[in-house]
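Thank you all for coming. I would like to walk you through one structure slowly, starting from a single residue and working outwards, so please keep the picture in view as I speak.

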Amino acid sequence: MGRPGYVSIGADGRTMQIFDEFVKIKGNTKTAALSDMMEIYMICQDEELYMELKKKYLGVKVAKQELLERRDSRAVNDYIFMKLSFSYDICGNTIDGHGTIQAYQRNEKENGYGYTWFSTNSLHMGMDKNKVKNYNQLAKKGEKVTILFAIAEANNDICYAATVLEIQSEKEPSLCPGDVACIPKEFDENEKAKIWIRIKDIREENNLTAEMLNIRSSDANLKQVISSSQYHFGYVYLAE
């Protein structure tokens, strides 16, 4: 009988040697790499079914993490964190995390507003109202509110940052609260999301890494958590 949580995959010896060396050079683990492969396979085969099953099996864990995030009010000006992986454009083409950010960068420069609306459904209950209020107050006062983007294809590390101008969040998905011109043309302008974040100055982030950051609700190291779990959105701070 196989061990619970383990999958045996048959492959020729040469391929396995190459795979072993590849993940070692990339600083990854075989477990994480194989998990990504299984996730990509399920998304390609039936994304809707995969998301239903994911909610079914991760619902309790995700809900618990969200409750911790929502109740934690120790710091209102933490970095907002978002992990990006593969997504799909309006034509059904796959876009990786870098491509997603590049789409928002083009939109920011070309739409005539100087900002763009980023959306996500990563939190099933949306952002906590008090967090939204506090972040918006900071932004209105001219204090810098920053969102950091980690890219799955870049070994789950921080690659980009942007300045947050406004946040709108509801428990039920809603249309973009601004002009649809501020949605990249790659994505559906009729998309509904629970969280909408108006951002500008989307840029490469070269000073912060996931290893330097901790998750606010648990104080766990961000790099370790996102490399071994489905943590996609939350609040992080610079560890001392």
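Let me begin with Arg216, which is buried, because its relative accessible area is 12% and the cut-off for buried is under 20%. I should say at once that this is a predicted model, so every value I quote has been computed from predicted atoms. Along the chain, Arg216 sits in the loop that runs between strand S8, residues 213-215, and helix H5, residues 222-228. What does the side chain of Arg216 join by a polar contact? The partner is the side chain of Asp78, and the contact is 2.7 Å. Right beside Asp78 in the numbering comes Tyr79, and here you can see how the fold brings distant parts of the sequence together: Arg216 and Tyr79 are 137 residues apart in sequence, while their C-alpha atoms are 9.5 Å apart in space.

That brings me to the protein as a whole. There are five helices and nine strands, and if you read along the sequence they follow the pattern α-α-β-β-β-α-β-α-β-β-β-β-α-β. Of the 240 residues, 40% are buried, and the accessible surface comes to about 14300 Å², with 51% of that belonging to carbon and sulfur atoms. Among the contacts with a separation of 6 or more, 71% are between residues 24 or more positions apart.

Now to the sheet. Seven strands form an open sheet with mixed pairing, and their order across it is S4-S7-S6-S5-S1-S9-S8. Strand S4, residues 116-120, and strand S8 stand at the edges, where each has a single partner strand, so one side of each is left without a neighbour in the sheet. On average, and ignoring direction, neighbouring strands in this sheet are turned by 45 degrees against each other.

Let us start at the edge that holds S8, since that is the strand just before our arginine. S8 pairs with S9 in the antiparallel sense over three bridges, and in that pairing Ile215 has Val236 as its bridge partner. Strand S9 also runs antiparallel to S1, to which it is joined by four bridges, and there the bridge partner of Tyr79 is again Val236. How much of S9 is covered? Five of its six residues are buried, so to speak a mostly covered strand. Two of the buried residues are Phe233 and Tyr235.

The structure holds seven aromatic pairs. In one of them, the ring centres of Phe233 and Tyr235 are 6.2 Å apart and the planes stand at 80 degrees, which is why the pair counts as edge-to-face. Elsewhere, ring pairs link Tyr104, Phe118, Phe149 and Phe187 into a cluster.

Phe118 takes us to the other edge, strand S4, where five of five residues are buried. In a regular strand the side chains alternate between the two faces of the sheet. In S4, accordingly, Thr116, Phe118 and Thr120 point one way, whereas Trp117 and Ser119 point the other way, and all are buried. Strand S4 runs antiparallel to S7, with five bridges joining them, and Trp117 stands opposite Arg198 of S7. On its other side, S7, residues 193-204, pairs with S6, residues 157-174, again in the antiparallel sense and over nine bridges, with Val164 opposite Ile199.

Helix H3, residues 97-110, packs on this sheet and touches S1, S4, S5, S6 and S7, its direction making about 80 degrees with that of S7. Helix H4, residues 129-140, lies across S1, S6 and S9 and runs at about 125 degrees to S6.

I will finish in the loop between H3 and S4, where we find Asn111. Is Asn111 buried or exposed? It counts as buried, because its relative accessibility is 15%. Its side chain makes polar contacts with the backbone that follows: a polar atom of the Asn111 side chain lies 2.7 Å from the backbone nitrogen of Tyr113, and the side chain also reaches the backbone nitrogen of Gly114 at 3.4 Å. Leaving aside residues up to four places away in sequence, Asn111 touches Thr116, Ala181 and Cys182.

How values were computed
Residues numbered from 1 in each chain as written. Predicted model: local features only at pLDDT ≥ 70, side-chain atom pairs only at ≥ 80, totals over all residues. Heavy atoms only, no water. Helix = DSSP H or I, 4+ residues; strand = E, 2+ residues; numbered from the N terminus. Buried < 20%, exposed > 50% of the residue type's maximum accessible area, 1.4 Å probe, protein only. Contact = heavy atoms within 4.5 Å. Areas by Shrake-Rupley, 256 points an atom, 1.4 Å probe, with all protein chains shown as cover. Polar contact = N/O pair within 3.5 Å; in protein donor to acceptor, adjacent residues only side chain to side chain. Pairing = 2+ DSSP bridges. Axes fitted to C-alpha atoms, helices over the stretch in contact; angles between N-to-C directions. Phe/Tyr/Trp six-rings, centres within 6.5 Å; stacked < 30°, edge-to-face > 60°.
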